[in-house]
Amino acid sequence: MPTPPGGLEVPLWRAIAVYRVAALGYACVVVLRDLHRYDHPLAAWPVLAAMAGWTATTAYAYARPTWRGWPLLLADLGVVLGILLLSPWVVGRATLAAGVPALAVAWLGGPVLAWAVSGGRRRGVVAALVLGAGDLLVRGWITPSALNGAVLLLLAGVVVGHVARLAVTAGERLQRAVEIEAASRERERLARDIHDSVLQVLALVQRRGAHLDGEAGELARLAGEQEAALRTLIATGPPAPRPSSVPSAGRPSSAPPAARSSSDPSVRDLRDLLRRFAGPTVSLAAPATPVPLPAHAAKEVTAAVAAALDNVARHADGRAWVLLEDEGALVRVSIRDAGPGIPAGRLDEAAAQGRLGVAQSIRGRLADLGGTTTITSVPGEGTEIELVLPRP
């Protein structure tokens, strides 16, 4: 099969081009050295010109993935075999019998390498057998040098073909890993958005209507069931879809959020986004000068702070202190409360139950931006969440 474009085997095609140029140079040296012993020395010059022209042609053609099909492979094998079969007339059978090399010399290994890279060991072996048989036919009998040349061609076809197949397999696995990673990152982003909206609404409906009778109570019960099912889905996740199957319009991209934000040149002042949290129960301390961040990064940090304050409202008395610091190379946001604190192991337990407010909405957001989240909590002494984001 033709080699797919952009694979890890591309360096192998470049190495073949370099080999053919070097082998052509060696063939020219050998011909010039033995030219006086040839039966038709003048005919050697057009043969060398044809070899040089075909070397340039194959270097150009094999560099284009769509051209690496059977027409080019068969033409490559036929041209090299034809030049090899000219050796008895140009060099002379008696001269060949005396040990003078054929015209192609090491240059005839080019098609073997090309066939091996394009189709693996089997193709390499086929090309090696054809050219090896042609070399033996040119000499008229089996000599140690001819036999050694055929064996070397065969080994080259097997080894290079095996390496080429390994490169193709590695490229496919790498592509699949990239697709899985992109799908996983997109699923985490969607999970954060769901936690910030849908899950919190369902939980609110379930809490407010748990003690009501009639249809309101039934609605609260159904909301609780759907919240539990949705949290389980977020925690486990469906099989990762291939990003290529997601249409470009109407559905979210599977590229990581951090990668998408790099194309957005707008900048936001993080102070302005955090000021909406300030109120009777939340104290905000921020620098007197703007704290500029890329719009996407500022939005994600704000969402992480909102998730942290939501936890304070639900698990503490709602009183919190937010400190914003601009340290030049990085931005630091600290959220402190005077609540009961977080018991040891509670965050891991919550993540296992699908409650991903800290794992996804806070830590996940900062991790996607290249930042870090530090949670310090002592039972009975409150909790401090520190968000550190390096500037790009």
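**Exercise 1. Find the volume and the lining of the largest cavity.**

The largest cavity has a volume of about 30 Å³. Here a cavity is a set of points, on a 1 Å grid over the protein atoms alone, where a 1.4 Å probe fits but cannot get out. The volume is the space filled by probe spheres set on the points, which are joined across faces, edges and corners. Before going on, note that this is a predicted model, where local features need pLDDT of at least 70 and side-chain atom pairs count only at pLDDT 80 or more, while totals for chains, interfaces and linings use all residues. Residues are numbered from 1 along each chain as its sequence is written, and side-chain values use heavy atoms, with hydrogens and water left out.

Step 1: search the whole structure, and 1 cavity of 30 Å³ or more turns up.
Step 2: list the lining, that is, residues with an atom within 4 Å of a point. These are Leu270, Leu293, Val301, Val331, Val333, Leu387, Val388 and Leu389.
Step 3: assign them to elements, where strands (E, at least two residues) and helices (H or I, at least four) are DSSP runs numbered from the N terminus. Both β5 (330-337) and β7 (383-390) supply at least two lining residues, and the largest share, 3 residues, comes from β7.

**Exercise 2. Which residues have the most contacts inside the largest nonpolar core, and which helix gives the largest share?**

Step 1: set the rule. A nonpolar core joins buried Ala, Val, Leu, Ile, Met, Phe, Trp, Tyr and Cys residues through side-chain atoms within 4.5 Å; buried means under 20% relative accessible area, exposed over 50%, and partly exposed in between (1.4 Å probe, protein chains only).
Step 2: apply the rule. The largest core has 42 residues, and Val31, Tyr38, Met51, Leu103 and Trp107 have the most contacts inside it.
Step 3: sort by helix. At least two residues each come from α1 (10-34), α2 (44-62), α3 (70-85), α6, α7 (121-139) and α8 (144-209), with α2 giving the largest share, 7 residues.
Step 4: look at Trp107. Beyond its neighbours within four places in sequence, Trp107 is in contact (heavy atoms within 4.5 Å) with Arg20, Ala23, Leu24, Met51, Trp54, Thr55, Val80 and Ile83.

**Exercise 3. Work out how the buried residues of α2 are arranged around its axis.**

Step 1: check the span. The 19 residues of α2 reach 27 Å from first C-alpha to last, close to the 27 Å expected at 1.5 Å a residue; the expected span is 1.5 Å times one less than the number of residues.
Step 2: pick out the buried residues, which include Val47, Met51, Trp54 and Thr58.
Step 3: take the arc of directions from the helix axis to the C-beta atoms. The buried residues of α2 cover only 155°, which puts them on the same side of the helix.
Step 4: find their partners, which are α1, α3, α4 (87-90) and α6.

**Exercise 4. Which exposed residues sit on the face of α7 turned away from its buried side?**

Step 1: collect buried residues of α7, among them Ala127, Ala128, Leu131 and Val138.
Step 2: look down the axis. The buried residues of α7 fall within an arc of 160°, so they line one face.
Step 3: turn to the other face, which carries exposed Arg122, Leu129 and Leu137.
Step 4: see what follows. Gly140 comes after α7, with a positive phi near 85°.

Methods: On a 1 Å grid over the protein atoms alone, a cavity is a set of points where a 1.4 Å probe fits but cannot get out, and a pocket is an open set with protein on both sides within 12 Å along at least five of seven lines; lining residues have an atom within 4 Å of a point.
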